[in-house]
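Welcome, and thanks for taking a look at this model with me. Please keep the view open while you read, as the text moves from the ligand to a few backbone details.

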Amino acid sequence: MRFDVVTLFPELFAPHLASGITRRAYESGRVDVRLWPLRDFAEGNYRRVDDRPFGGGPGMVMLAEPLQRALEAVRADRGAPAAVVINFSPGGRVLTQALVQELAAGDGALLLCGRYEGIDQRFLDRHVTLEISLGDFVLSGGELPALVLLDAIARLQPGVLHVESHEQDSFSDGLLEGPVYSRPEVWATAEGAWPVPPVLLSGHHGEVARWRRQCSLERSARRRPDLIAAARAAGRLSVEDERFLATLRL
Ligand code: 9D3
């Protein structure tokens, strides 16, 4: 799949694309990321990409014209119009694993990374098919959201994870995962000795699975009761799950 990224800060992408378990997805071209520096599509001595908002107000607005030239260059290079044109914006749909899976099953997209107050609405109306937000907090632009989306998609590609651990991902299963532990069995420090929960060393796979399920239920009930409600509504809680939840004093 191919992602064309239009950005004023292409240099933000290289280190991410060259690191971690997702590197192979990028380097193999399975997730083919091409960067289109917006400044290259600006004209005139000043290479303007932004200007003041009509009607007044704070900040600057990204101009439609350089974005249009970048989009045309991408389309010429791609040979076909990108079906999905995504703009990252605080007013977009909040990114979820369901949306990541949908996009991972497609053949890529054009990603627009806005800066300043946003992009001229006429360009968005003409070309953008999906606006994505990361949530209710304020960033300085769309580059990190674009990297977040690429990372979430790249790790779903076959062969990226050692185990197919995304089958067990919190947000695929719909509940939070419980704690994990590794060596040593007892972590000795100056302040005390901290053992691993004994059930994990018991060798009883059934007991371990039951304990993990209960950790997952309890953690979700405490931290994300919305996830418990959604799992219940979708029929993903067993009678045993409900019995355990009923014993919790939250
Ligand atoms: C003054 C109103 N602000 C809207 C909340 C203006 C504004 C702030 C930050 C306009 C753009 C931005 C830059 N943010 C993004 O480009 C962005 C973003 C974010 O800030 N939070 C969560 N998700 C995203 S996706 C893109």
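A polar contact here is a pair of N or O atoms within 3.5 Å; within protein, one of the two must be able to donate a hydrogen and the other to accept it, and residues adjacent in sequence count only if both atoms are side-chain atoms. This is a predicted model, in which local features need pLDDT of at least 70 and side-chain atom pairs count only at pLDDT 80 or more, while totals for chains, interfaces and linings use all residues. Residues are numbered from 1 along each chain as its sequence is written, and side-chain values use heavy atoms, with hydrogens and water left out.

**Around the ligand**

Let us begin with S133, a residue of strand β7. A polar atom of the S133 side chain lies 2.9 Å from the backbone nitrogen of G135. S133 is buried, at 4% relative accessible area (buried means under 20%, exposed over 50%, and partly exposed in between, with a 1.4 Å probe and protein chains only). Helices (H or I, at least four residues) and strands (E, at least two) are DSSP runs, numbered from the N terminus.

Which residues come nearest to the ligand? They are E117, L134, F137, L139 and G141, out of 16 residues around the ligand; a residue counts as near if one of its heavy atoms lies within 4 Å. Three of the ligand's polar partners are listed here.

| Backbone partner | Ligand atom | Distance |
|---|---|---|
| L134 | nitrogen | 2.9 Å |
| F137 | nitrogen | 2.7 Å |
| L139 | oxygen | 2.7 Å |

On its own the ligand has 580 Å² of accessible area, and the protein covers 73% of that; such areas come from the Shrake-Rupley method with a 1.4 Å probe, and for residues only the protein chains shown count as cover. Two elements, β5 (85-94) and β7 (130-133), are those that give two or more residues to the shell around the ligand. The most comes from β5, with three residues. By type, the shell holds nine nonpolar residues, six polar and one charged, where Ala, Val, Leu, Ile, Met, Phe, Trp, Tyr, Cys and Pro count as nonpolar, Asp, Glu, Lys and Arg as charged, and the others, Gly among them, as polar.

**Backbone details in the loops**

Most residues other than glycine have a negative phi, and most peptide bonds are trans. Against that background, R47 has a positive phi, near 50 degrees. R47 sits in the loop between β2 (32-37) and β3 (50-51) and counts as partly exposed, at 37% relative accessibility. Y116 also has a positive phi, near 60 degrees. This residue belongs to the loop between β6 (108-113) and α5 (121-127), and with a relative accessible area of 38% Y116 is partly exposed.

G114 is found in the loop between β6 and α5 as well. Is G114 buried or exposed? G114 is buried, with a relative accessible area of 8%. The C-alpha atom of G114 is 5.5 Å from that of G141, although the two are 27 residues apart along the chain.

A cis peptide bond, with omega about 0 degrees, joins R183 and P184. P184 lies in the loop between α7 (170-173) and β8 (186-189).

Finally, take a look at L237, in the loop between α9 (225-233) and α10 (239-247). L237 is buried, with 14% relative accessible area. Its C-alpha atom is separated by 9.4 Å from that of L217, 20 residues apart along the chain.
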